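Subject: Handing over the structure

Hi,

As promised, here is the structure for you to look through. My notes on what turned up follow below it.

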Amino acid sequence: MRKKSLKEIERYYDVHHKTAYLIWTAPWYRTAAQLVYPYIKNKTILEIGCGNGFFCIWAAKQGAKNVIGVDISRETINRLNKITKNPNNIKFLYGDAQKFKLKKKFDYIVCCEVLEHLQDPEQAFKNMVEMCNKKMIIS
């Protein structure tokens, strides 16, 4: 099966997720994008609570070396992995922010509007600190 381009992925979201696409206009995502944009090329990015994947897709399109999006919705992660079909620089994983850990370190970790929904936000924060190499953007 042919690998989909980021343009095809974005087109898919524009057509099939109009309502979800409005999430991208939320101020916390705009702010996160503005903060990482000047430095994004060839960087590694982890987004905890990636939802419909818009920030991850945007980051990959801007030239990030590797982008991983994590969400607690298996259905969302399965759908995102199905439509992205192995682009070289983007991957989506199932995970609970309170338990999720990778041995890999990331240049940037983004976590928007997630911690207030968790029973143990402190543990989620500690996990992110362990995986962060440079900066975290949390709202």
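Here is something to try before reading on: which exposed residues does the face of α5 turned away from its buried side carry? I will come back to that after a short overview.

Please keep in mind that this is a predicted model.

**The overall picture**

The protein chain has 139 residues, and 47% of them count as buried. Its secondary structure comes to six helices and five strands. Starting at the N terminus, the order of the elements is α-α-α-β-α-β-α-β-β-α-β. If you take the contacts between residues at least 6 apart in sequence, 60% join residues at least 24 apart. About 8000 Å² of the protein chain is exposed, with carbon and sulfur atoms supplying 52% of that area.

**Helix α5, and the reply to the opening puzzle**

Helix α5 covers residues 74-84, and its buried residues are Thr-76, Ile-77, Arg-79, Leu-80, Ile-83 and Thr-84. Viewed down the axis of α5, these buried residues fall within an arc of 165 degrees, so they line one face of the helix. The face turned away from that buried side carries the exposed residues Arg-74, Glu-75, Asn-78 and Lys-82. A general point helps in reading such patterns: an α-helix has 3.6 residues a turn, so residues three or four places apart point the same way.

**Helix α6 and what covers it**

In helix α6 (residues 121-131), the buried residues are Ala-124, Asn-127, Met-128 and Met-131. They cover an arc of only 100 degrees around the axis, which puts them on the same side of α6. Their cover includes the strands β1 (44-48), β4 (106-111) and β5 (132-138).

Val-129 is also in helix α6, but it is partly exposed, at a relative accessible area of 41%. Its C-alpha atom is separated by 8.8 Å from that of Ile-109, 20 residues away along the chain.

**Tyr-108 in strand β4**

Tyr-108 is found in strand β4. Is Tyr-108 buried or exposed? With a relative accessible area of 6%, Tyr-108 is buried, since the cut-off for buried is under 20%. Setting aside neighbours within four places in sequence, Tyr-108 is in contact with Val-36, Tyr-39, Lys-43, Thr-44, Ile-45, Leu-46 and Lys-135. The C-alpha atoms of Tyr-108 and Met-128 are 9.9 Å apart, and the two residues are separated by 20 places along the chain.

**Helix α4**

Seven of the eight residues of α4 are buried, so this helix is largely enclosed by the rest of the structure. The buried ones are Phe-54, Phe-55, Cys-56, Ile-57, Trp-58, Ala-59 and Ala-60.

Cys-56 is worth a click while you are looking at helix α4 (residues 54-61), where it lies. Cys-56 is buried, with a relative accessible area of 0%. Not counting residues up to four places away in sequence, Cys-56 touches Glu-47, Cys-50, Val-67, Ile-68, Gly-69, Ile-90 and Phe-92. For one of these, Ile-68, the C-alpha atom is 7.1 Å from that of Cys-56, with the two positions 12 residues apart along the chain.

**Residues with a positive phi**

Most residues other than glycine have a negative phi. Asn-42 is not a glycine, yet its phi is positive, at about 60 degrees. Asn-42 sits in the loop between α3 (27-36) and β1, and it counts as exposed at 57% relative accessibility.

Glu-113, another residue other than glycine, has a positive phi near 60 degrees. Its place is the loop between β4 and α6, and it is partly exposed, with a relative accessible area of 29%.

Gly-63, which follows α4, has a positive phi as well, near 105 degrees.

**The largest pocket**

The volume of the largest pocket is about 170 Å³. Which residues line the largest pocket? Its lining is made up of Ile-48, Gly-49, Val-70, Asp-71, Ile-72, Gly-95, Asp-96, Ala-97, Val-114 and Leu-118. Sorted by class, six of the lining residues are nonpolar, two are polar and two are charged.

Enjoy looking around, and write back with any questions.

Best wishes

How values were computed: Residues numbered from 1 in each chain as written. Predicted model: local features only at pLDDT ≥ 70, side-chain atom pairs only at ≥ 80, totals over all residues. Heavy atoms only, no water. Helix = DSSP H or I, 4+ residues; strand = E, 2+ residues; numbered from the N terminus. Buried < 20%, exposed > 50% of the residue type's maximum accessible area, 1.4 Å probe, protein only. Contact = heavy atoms within 4.5 Å. Areas by Shrake-Rupley, 256 points an atom, 1.4 Å probe, with all protein chains shown as cover. 1 Å grid on protein atoms, 1.4 Å probe; cavity = no way out; pocket = protein on both sides within 12 Å on 5 of 7 lines; lining within 4 Å. Points joined across faces, edges and corners; volume = space filled by probe spheres on them. Nonpolar A, V, L, I, M, F, W, Y, C, P; charged D, E, K, R; others polar. Arc of directions from axis to C-beta.
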